[in-house]
Amino acid sequence: RAAARASPEGDASPAELGAVAASAVALPVVAWSELTLFQTGCGLPPGPGGALGALEGVSYLVLVGILAWSISTKARTGSGLPGGPGGLLGAAEGVAFLEAVGGIAVAAYSAVNNGGASCTF
């Protein structure tokens, strides 16, 4: 599939550019969400009109998408995602895996220490 690979000249594909742009917004939101969950036992507040909660949800979907793309690429080719423009896609891939591990750890910590705390905003 040519859409998921950089061209021989080194130009980034539209999929790579989209993933870099989405991850530039989504990965910091996921980190913020995980930190908030660790500190309070709750995710981010809904924000005005639910916009912040929606951004949080979409950000987790972007994280899962990057992980799925990376794992499927690794299974097919034996290596991870291409570096992308300026190495940013490779960096996003690494951060996504770190945030996934961090998210599992924070969820376990929260379950043990906050044990079903109800979040009211």
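# A tour of a three-helix model

Start by selecting Val 25, which is partly exposed, with a relative accessible area of 47%. Val 25 belongs to helix α1, and the model you have open is a predicted one. From Val 25, draw a distance to Leu 55, which follows 30 residues further along the chain: the two C-alpha atoms are separated by 9.3 Å.

Now zoom out and colour by secondary structure. The protein comes to three helices and zero strands, so that, by the assignment used here, the elements run α-α-α from the N terminus on. Colouring by accessibility gives a second overview, in which buried residues make up 27% of the 121 residues. If you switch on contacts and keep those between residues at least 6 apart in sequence, 63% of them join residues at least 24 apart.

**The pair α1 and α2**

Two packed helices are described by the angle between their axes and the distance between the axes, and each pair can be taken in turn on those terms. Select α1, residues 14-40, together with α2, residues 51-77. These two helices pack at an angle of about 125 degrees, with their axes 8 Å apart, which makes α1 oblique to α2. The crossing of this pair is left-handed, and the residues that form the contact comprise 16 nonpolar, three polar and three charged ones.

Before leaving α2, pick out Gly 53, which lies in that helix and counts as partly exposed at 28% relative accessibility. Setting aside residues up to four places away in sequence, Gly 53 touches Pro 45 and Pro 46. A distance drawn from Gly 53 to Ser 33, 20 residues apart from it in sequence, comes to 9.7 Å from C-alpha to C-alpha.

**The loop between α1 and α2**

Move next to Gly 41, which is found in the loop between α1 and α2. At 12% relative accessibility, Gly 41 counts as buried, because the cut-off for that class is under 20%. What does Gly 41 touch, not counting residues up to four places away in sequence? Its partners are Thr 36, Ser 110, Asn 114 and Cys 119. Of these, Cys 119 is worth displaying together with Gly 41, since the two are 78 residues apart in sequence and 7.8 Å apart in space, C-alpha to C-alpha.

**The pair α2 and α3**

Keep α2 selected and add α3, residues 88-114. Here the helices pack at an angle of about 110 degrees, with their axes 9 Å apart, and that angle makes α2 roughly perpendicular to α3. As α2 passes α3, the crossing is left-handed. To see the contact itself, show the side chains of Leu 63, Ile 66, Leu 67, Trp 69, Ser 70 and Ile 71 on α2, and of Leu 89, Ala 92, Glu 93, Ala 96, Phe 97, Glu 99 and Ala 100 on α3. By class, this contact has 10 nonpolar, one polar and two charged residues.

Further along α2, select Thr 73, a residue of that helix. Is Thr 73 buried or exposed? With a relative accessibility of 7%, Thr 73 counts as buried. Leaving aside neighbours within four places in sequence, Thr 73 is in contact with Gly 78, Ser 79, Gly 80 and Leu 81.

**The pair α1 and α3**

For the remaining pair, hide α2 and view α1 with α3. Their axes are 9 Å apart and the helices pack at an angle of about 20 degrees, which makes α1 roughly parallel to α3. This crossing, too, is left-handed, and the contact residues divide into 15 nonpolar, six polar and three charged. Val 20 can be selected here as well: apart from neighbours within four places in sequence, Val 20 is in contact with Pro 85, Leu 88 and Leu 89.

**The nonpolar core**

End by restoring all helices and selecting the largest nonpolar core, which has 12 residues in all: Ala 19, Val 20, Leu 27, Val 30, Leu 63, Ile 66, Leu 67, Trp 69, Leu 81, Leu 89, Ala 92 and Ala 96. Each of α1, α2 and α3 supplies at least two residues of this core. Several of the residues already visited return in this selection, among them Val 20 and Leu 81, the former in contact with Leu 89 and the latter with Thr 73.

Notes:
Residues are numbered from 1 along each chain as its sequence is written. This is a predicted model: local features need pLDDT of at least 70, side-chain atom pairs count only at pLDDT 80 or more; totals for chains, interfaces and linings use all residues. Side-chain values use heavy atoms; hydrogens and water are left out. Axes are lines fitted to C-alpha atoms, for helices over the stretch in contact, and angles run from 0 to 180 degrees between N-to-C directions. Helices (H or I, at least four residues) and strands (E, at least two) are DSSP runs, numbered from the N terminus. Angles under 35 degrees count as roughly parallel, over 145 as roughly antiparallel, 65 to 115 as roughly perpendicular and the rest as oblique. A crossing is left-handed if the near helix is turned anticlockwise from the far one by less than a right angle, and right-handed if clockwise. Contact means heavy atoms within 4.5 Å. Ala, Val, Leu, Ile, Met, Phe, Trp, Tyr, Cys and Pro count as nonpolar, Asp, Glu, Lys and Arg as charged, and the others, Gly among them, as polar. Buried means under 20% relative accessible area, exposed over 50%, partly exposed in between (1.4 Å probe, protein chains only). A nonpolar core is a set of buried Ala, Val, Leu, Ile, Met, Phe, Trp, Tyr and Cys residues joined through side-chain atoms within 4.5 Å.
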